[in-house]
Amino acid sequence: MTGVQLVQAEQAPLLARRYYANGDPGPIVAALAHVPELLEVTMPFLDAALGPSAVDARTKELVILRTSAVMGCRYCIQTHTVVARNSGLSVAEVAALRGPQPLEEAFTDPRELALLRWVEAVAAGPGPVPAATRTALQRHFEDPEVVELTLLVGATLLLNRFCTALELPTSPKVLRRLAAEGWA
Amino acid sequence: MSPVAEAVRDGVLPGRVWLYANYHCNLACTYCLTESYPGAGRRELGERRMLALAQEATELGFTALGVTGGEPFLLPYLPELLARLAGILPVVCLSNGTVFTERRLERLRPLAELPAQIQVSLDRPEPDANDAMRGPENFRKVVDAIPRLVERGVRVRIATTVQAIDDEERERLCGLHRRLGVPDADHVIRPIVRRGRAVDHGLGVDAGPADLPAELTITTDGAFWSPFGPTVHGGRLDTDLLITRTTMPLRVPAAALLRLVEARPPGSDAQLNIQ
């Protein structure tokens with residue numbers, strides 16, 4: 001049961017049709033298709049923010065999965081558990097990112113721990129993010145990376161709230177994979 | 001010159017913008033695109049919004065307006081609104097021709113001096129065949145109303161929407177509209193489009209973007225490709241020809257429509273004679 005009807009292929013608006021060309025586009029597109037002019041700008045933005053870029057896939061998945069866990073987004077946690085595993089994260093690392101056990105049990109690289117502390121500070125809000133947390137991050141990341149990773153937290157927050165508020169369904173394929181690997 | 005104005009000038013984009021004034025109607029025709037009937041939700045665009053859209057349409061470079069529904073003349077403000085719209089751009093208003101009381105006809109008299117036209121639906125030359133599709137007494141009311149509009153100097157166009165019509169019947173129909181005061185140039189015959197209620201009755205031809213002129217069409221639900229776009233079936237709005245939900249500013253859907261039109265492969269112009 002979703003919070004809104006998902007737009008099916010035969011009702012896909014003109015600006016949305018290309019997203020349906022290869023079959024089911026997934027619930028995020030199928031929800032955004034109600035407002036094609038937003039779909040048209042949101043998907044390229046999400047692709048740029050979450051997709052392949054100058055920052056490696058593993059680092060990006062740390063950000064996406066940890067942000068989603070902080071926000072308690074069922075859809076994003078489930079979907080990105082699979083993506084994170086596909087990106088090379090170990091079972092222990094994914095489990096730590098999903099919480100609630102301490103991150104230090106799975107992560108020892110100071111660079112990644114500094115990033116995860118930054119993610120938690122940005123995602124948990126509200127109010128200012130501690131300068132010390134940013135300073136710790138900047139010991140390991142250049143400004144362009146800081147900007148990109150911070151925007152990635154923001155883009156993930158957008159998705160977290162969108163998917164949670166509209167109760168978007170996790171794909172059966174993801175659910176089968178989670179079940180096969182013993183994820184709750 | 002704006003991109004829209006250039007596209008209209010070059011024939012890339014049709015010049016007319018359609019406004020869906022409302023969705024309710026005093027009739028319930030068997031092939032109605034919007035499943036309109038007396039109890040249908042009104043979903044009015046409203047006077048102020050229609051005027052604002054017309055003003056922006058002319059500023060963008062569109063060259064004409066169309067008003068449709070539902071039955072637009074169920075809206076009490078329509079006669080005066082049409083005059084104001086015609087002061088902005090030439091306008092054609094579609095009507096089933098059955099609600100023209102003497103008082104309403106008098107209020108339409110100013111249209112005689114303006115670039116305005118009322119397009120009345122008349123499908124068959126005889127009452128029985130016509131009324132089978134459009135409801136009891138439709139033929140009588142329409143053939144009564146048309147000469148009274150013409151007498152007042154209002155330009156009338158007749159639209160015939162049919163599954164098929166043979167030469168003999170077409171000749172009888174043309175003889176009728178000439179007697180009513182409507183010249184051949186103001187009579188169009190077009191196919192039923194298989195959308196809305198026509199789907200349930202197995203009527204009409206399938207039509208997609210490749211078949212329908214890319215006329216920007218504004219409704220309370222959004223902007224569509226062609227006035228044949230914002231159809232209703234099973235009580236649900238069809239969105240397959242939706243362009244944008246945003247209708248104001250009009251430049252938003254106009255730009256999106258232009259992008260869609262320019263992205264079409266060559267030779268994809270409208271194929272059906274749907275006007």
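Which residue of strand 2 of chain B does B:Tyr20 stand opposite? In this predicted model, the partner of B:Tyr20 is B:Thr68. The pair belongs to a wider pattern. Strand 1 of chain B covers residues 16-20, and strand 2 of chain B covers residues 64-68. These two strands run parallel, and five bridges join them.

Now step back to the whole sheet. Nine strands of chain B build it. The sheet is open, and its pairing is mixed. Read across, the strand order is 6-5-4-3-2-1-7-8-11. Strand 6 (187-191) forms one edge of the sheet in chain B, and strand 11 (242-244) forms the other. Each of these edge strands pairs on one side only. Neighbouring strands are turned against each other by 25° on average, with direction ignored.

A helix packs on this sheet. It is helix 2 of chain B, residues 47-60. This helix touches strand 1, strand 2 and strand 7 (216-219) of chain B. The direction of helix 2 makes about 170° with that of strand 1 of chain B.

Turn next to chain A. Here the chain is divided into domain 1, residues 9-50, and domain 2, residues 57-181. The C-alpha centres of the two domains lie 24 Å apart. The domains also meet: seven residues of domain 1 are in contact with ten residues of domain 2.

Which helices of chain A supply the touching side of domain 1? Helix 1 (27-32) and helix 2 (36-50) of chain A each supply at least two of its residues. By class, that side of domain 1 has six nonpolar residues and one polar residue. It has no charged residues.

Terms used:
Residues numbered from 1 in each chain as written. Chains lettered and ligands numbered in written order. Predicted model: local features only at pLDDT ≥ 70, side-chain atom pairs only at ≥ 80, totals over all residues. Pairing = 2+ DSSP bridges. Helix = DSSP H or I, 4+ residues; strand = E, 2+ residues; numbered from the N terminus. Axes fitted to C-alpha atoms, helices over the stretch in contact; angles between N-to-C directions. Contact = placed C-beta atoms within 7 Å. Domains from an automatic or database assignment. Nonpolar A, V, L, I, M, F, W, Y, C, P; charged D, E, K, R; others polar.
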